[in-house]
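Me: Could you take a close look at the salt bridges in this model for me? I would like one connected account of who pairs with whom and how each partner is placed.

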Amino acid sequence: MEMKKTLLVAAISGAAGGALKFALPLFLDHQGYGLSEIGWVFGIAALFSGILGIGIGALSDKFGRKPLIAFYNLLRGLSAFIIGWIPGVYAFIAGKSLDDFSKVHLWGAFVSRVRDVTGNEVRGRAIGKFIAVFGTTFSLALVFSGYIIDNFGYHVLFSVIILVSIIAAGFTFLFREKGKRKEEVSFSLELLKTMNGKVNSAISFFTGFSDALIYAYFFYIFLIKQYSFSIFDVGFITAGLFLLWSLGSYFSGKIVDKHGIRKSIAGSALAGAVVWVGVLFFWADFWPFIFLIAMENILWSLYSTGATTLSSVIPKQENIGRDVSVFSYSHIIGAIAGAFIAGMLADISYSYLFIVKVVSLLVPAFLVWYGIKLKQ
């Protein structure tokens, strides 16, 4: 029952997260910002977002996941309000910082809660179900967001995001708390003294980097400028692609449990790198390009399920929230780098951007295979 409650709140949270992720870069593009400028805004915002994450993660070990999951959802609503109704680049950075902070640490809090309510023997399947539910509503929100923007404008969409965020926070109080610990709160980085902790922090960095490099803002604007699609068209196409990721995650959980975390991450990352080599040659032609991106999303479902499962099994029982937040912070730092670099590379050449994407998948494949030691 507790897992079902978790999935319900994850579904509502995913809808708000998908809508805001889709709207932000298009809102800036609508206001006349170029790719490099959007990259700087997103990068600075991500930098500000990472400051308090590890400490709050440790507090969740003491006070539980429920209040933090509610808090992060409310914070997302506040970020939508700031972005939509307070003009200026500084307000946008502030709102985007709150959004980055909430989405990364909301994800970490969900991962910690999934570990709280499931056993190790089915951890991959549980993580896969969580990603599938979150990702499905996240993806569908892109279609509705595109429709709302085209027909009613950005401010109506921001209002909907605020309402959905409040609803998600309210449903959180249905949880029966299972994440509290009797031990004293520890803010140490003891996990980083272990090889698994160090290597997984690096993997988390490259996961954030690789994702932000393409999907922080570049992909949506690329579809509009390269193929002259409307905002609704972009939402519809992206939703279809992301649904492959979300639905694939359900089956990926079973693969992770059966074949192991290391094989799942390394194999999907290597295959994903091959796909992006193909993108290098076919990005100018829509149908070959979209086929390759579809394949990438299917492979990313296995990679992200394996990587999320890895971050949930390494921490010790008494430090789950704190240690998952360490990995979430590494993810943020990677996203900062990806957001900064994406705009600059795209302004020079799309090919350079795709080459860096290939490298960003090869590195974690090497790290997880040679650096992570697990008893599976």
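**Salt bridges in the predicted model**

Reply: Happy to. Let's begin with Glu2 and Lys5, which form a salt bridge whose closest N and O atoms are 3.0 Å apart. Please keep in mind that this is a predicted model. Both residues belong to helix α1 (residues 2-30), and because they are 3 residues apart there, about one helical turn separates them. Their surroundings are not alike: Glu2 has 11% relative accessibility and counts as buried, whereas Lys5, at 22%, counts as partly exposed. The cut-off helps here, because buried means under 20% relative accessible area. This pair also has company, as Glu2, Lys5 and Arg113 are linked in a network of salt bridges.

In total, the structure holds 8 salt bridges. Side chains of opposite charge can pair when their charged atoms come close. Another of these pairs is Asp99 with Arg76, where the closest N and O atoms are 3.7 Å apart. Asp99 lies in helix α5 (residues 89-117) and Arg76 in helix α4 (residues 66-85), so this salt bridge ties together parts that are 23 residues apart in sequence. Asp99 counts as buried, with 3% relative accessibility, and Arg76 is buried as well, with a relative accessible area of 2%.

A further salt bridge joins Glu296 and Lys357, with 3.8 Å between the closest N and O atoms. Here the pair links distant parts of the chain, 61 residues apart: Glu296 sits in helix α12 (residues 286-313) and Lys357 in helix α14 (residues 350-371). Both Glu296 and Lys357 are buried.

While you have the model open, an acidic residue with a polar contact is worth a look too. Asp233 is found in helix α10 (residues 231-259) and counts as partly exposed, at 31% relative accessibility. Its side chain is joined to that of Ser230 by a polar contact of 3.0 Å. Asp233 and Val143 are 90 residues apart along the chain, yet 8.2 Å separates their C-alpha atoms.

Finally, here is a helix to set beside these pairs. Helix α2 (residues 35-49) has 15 residues and reaches 21 Å from its first C-alpha to its last, close to the 21 Å expected at 1.5 Å a residue. Its buried residues include Leu35, Ile38, Val41 and Phe42, and Gly39, Gly43, Ala45, Ala46 and Ser49 are buried in α2 too.

Key: Residues are numbered from 1 along each chain as its sequence is written. This is a predicted model: local features need pLDDT of at least 70, side-chain atom pairs count only at pLDDT 80 or more; totals for chains, interfaces and linings use all residues. Side-chain values use heavy atoms; hydrogens and water are left out. Helices (H or I, at least four residues) and strands (E, at least two) are DSSP runs, numbered from the N terminus. The expected span of a helix is 1.5 Å times one less than its number of residues. Buried means under 20% relative accessible area, exposed over 50%, partly exposed in between (1.4 Å probe, protein chains only). A salt bridge is a side-chain nitrogen of Lys or Arg within 4 Å of a carboxyl oxygen of Asp or Glu. A polar contact is a pair of N or O atoms within 3.5 Å; within protein, one must be able to donate a hydrogen and the other to accept it, and residues adjacent in sequence count only if both atoms are side-chain atoms.
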